[in-house]
Amino acid sequence: MSANDNTSANHTDKATTSTSLAFSSLIPDVILDAVESTGLWSDSRIYPLNSYENRVYQVGIEDSAPVIAKFYRPERWTEAQILEEHATLLKLKADDVPVVAPLEFEGKSLFNHKGLFSACRQDWLGNTLKPII
């Protein structure tokens, strides 16, 4: 391993650590800034939701229903993987399949705020299942 290889590895480790720290210490200001970067205007209400892998919050929106903001865990999902998931969900929604697709703003569904990927979607409480006869 050359000295340049070691420097490159250290730089990657520092960037990884920085992103991981940002993820583990998401604060309300960062959450609100990320949501508002989409063009939505928050009313500053934030409610954390359960999620095993990611950070997910219900965020109140001025004069509208709240949205769900999802912050993807760094190094767990690549941008390409997330965009593939979004494309699939948007296609299913367009085909009238009842899914919760990400919201699009100016044709984008995935955002990078302070090094963290995030997306918003409408809140959907679910449906009563219809009996199968």
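Let's start with one residue, Val 35: beyond its neighbours within four places in sequence, Val 35 is in contact with Leu 40, Val 59, Ile 61, Val 67, Ala 69 and Cys 120. Keep in mind as you look around that this is a predicted model.

Val 35 makes a good doorway into the interior. The largest nonpolar core has 18 residues, and Val 35 is among those with the most contacts inside it, along with Leu 26, Val 59, Val 67, Phe 71 and Cys 120. Four elements give two or more residues to this core: helix 2 (28-36), strand 2 (55-61), strand 3 (64-71) and strand 5 (116-122). Helix 2 supplies the largest share, five residues. A general tendency fits this picture: in soluble globular proteins, nonpolar side chains tend to be buried together.

Which residues of helix 2 are buried? They are Val 30, Ile 31, Leu 32, Ala 34 and Val 35. It helps to recall that an α-helix has 3.6 residues a turn, so residues three or four places apart point the same way. The buried residues of helix 2 pack against strand 1, strand 2, strand 3, strand 4 (111-113) and strand 5.

Now turn to the strands themselves. Strand 2 and strand 3 run antiparallel and are joined by six bridges. One place to see the pairing is Tyr 57, which stands opposite Ala 69 in strand 3. These two strands form a hairpin with two residues between them, and in the turn Asp 63 has a positive phi of about 50°. On to the next pairing: strand 3 and strand 5 also run antiparallel, and five bridges join them. Here you can find Phe 71 standing opposite Ser 118 in strand 5. Phe 71 is also one of the residues with the most contacts inside the core.

Strand 1 deserves a visit of its own, and two of its residues make good stops. The first stop is Ser 42, which lies in strand 1. Is Ser 42 buried or exposed? Its relative accessibility is 5%, so Ser 42 counts as buried, since the cut-off for buried is under 20%. The side chain of Ser 42 reaches the backbone nitrogen of Ser 44 at 2.8 Å. A polar atom of that Ser 42 side chain also lies 3.3 Å from the backbone oxygen of Gly 60. Not counting neighbours within four places in sequence, Ser 42 is in contact with Leu 32, Glu 36, Val 59, Gly 60, Ile 61 and Glu 62.

The second stop is Ile 46, in strand 1 (residues 42-49). Ile 46 counts as partly exposed because its relative accessibility is 27%. Setting aside residues up to four places away in sequence, Ile 46 touches Pro 28, Ile 31, Leu 32, Tyr 57 and Gln 58. Two of these names, Ile 31 and Leu 32, appeared among the buried residues of helix 2, while Tyr 57 is the residue opposite Ala 69. You can also look from Ile 46 towards Pro 66: they are 20 residues apart along the chain, and their C-alpha atoms are separated by 9.3 Å.

Charged residues come next. As a general point, side chains of opposite charge can pair when their charged atoms come close. How many salt bridges does this model have? The count comes to three.

In one of them, the side chains of Arg 45 and Asp 43 meet at 2.8 Å, N to O. Arg 45 counts as partly exposed, at 49% relative accessibility, and Asp 43 is partly exposed too, with a relative accessible area of 24%.

Another joins Glu 53 and Arg 76, whose closest N and O atoms are 2.7 Å apart. This pair links distant parts of the chain, 23 residues apart: Glu 53 sits in the loop between strand 1 and strand 2, and Arg 76 in the loop between strand 3 and helix 3 (79-94). Glu 53 is partly exposed, with a relative accessible area of 22%; Arg 76 is partly exposed at 38%.

There is also a salt bridge between Asp 95 and Lys 91, with the closest N and O atoms 2.6 Å apart. Asp 95 is partly exposed, with a relative accessible area of 45%.

That brings us to helix 3. At 1.5 Å a residue, its 16 residues should span 22 Å, and the end C-alpha atoms are indeed 22 Å apart, which agrees. Just after helix 3, Asp 96 takes a positive phi of about 65°.

Methods
Residues are numbered from 1 along each chain as its sequence is written. This is a predicted model: local features need pLDDT of at least 70, side-chain atom pairs count only at pLDDT 80 or more; totals for chains, interfaces and linings use all residues. Side-chain values use heavy atoms; hydrogens and water are left out. A nonpolar core is a set of buried Ala, Val, Leu, Ile, Met, Phe, Trp, Tyr and Cys residues joined through side-chain atoms within 4.5 Å. Buried means under 20% relative accessible area, exposed over 50%, partly exposed in between (1.4 Å probe, protein chains only). Contact means heavy atoms within 4.5 Å. Two strands pair if DSSP finds at least two bridges between them. A polar contact is a pair of N or O atoms within 3.5 Å; within protein, one must be able to donate a hydrogen and the other to accept it, and residues adjacent in sequence count only if both atoms are side-chain atoms. A salt bridge is a side-chain nitrogen of Lys or Arg within 4 Å of a carboxyl oxygen of Asp or Glu. The expected span of a helix is 1.5 Å times one less than its number of residues.
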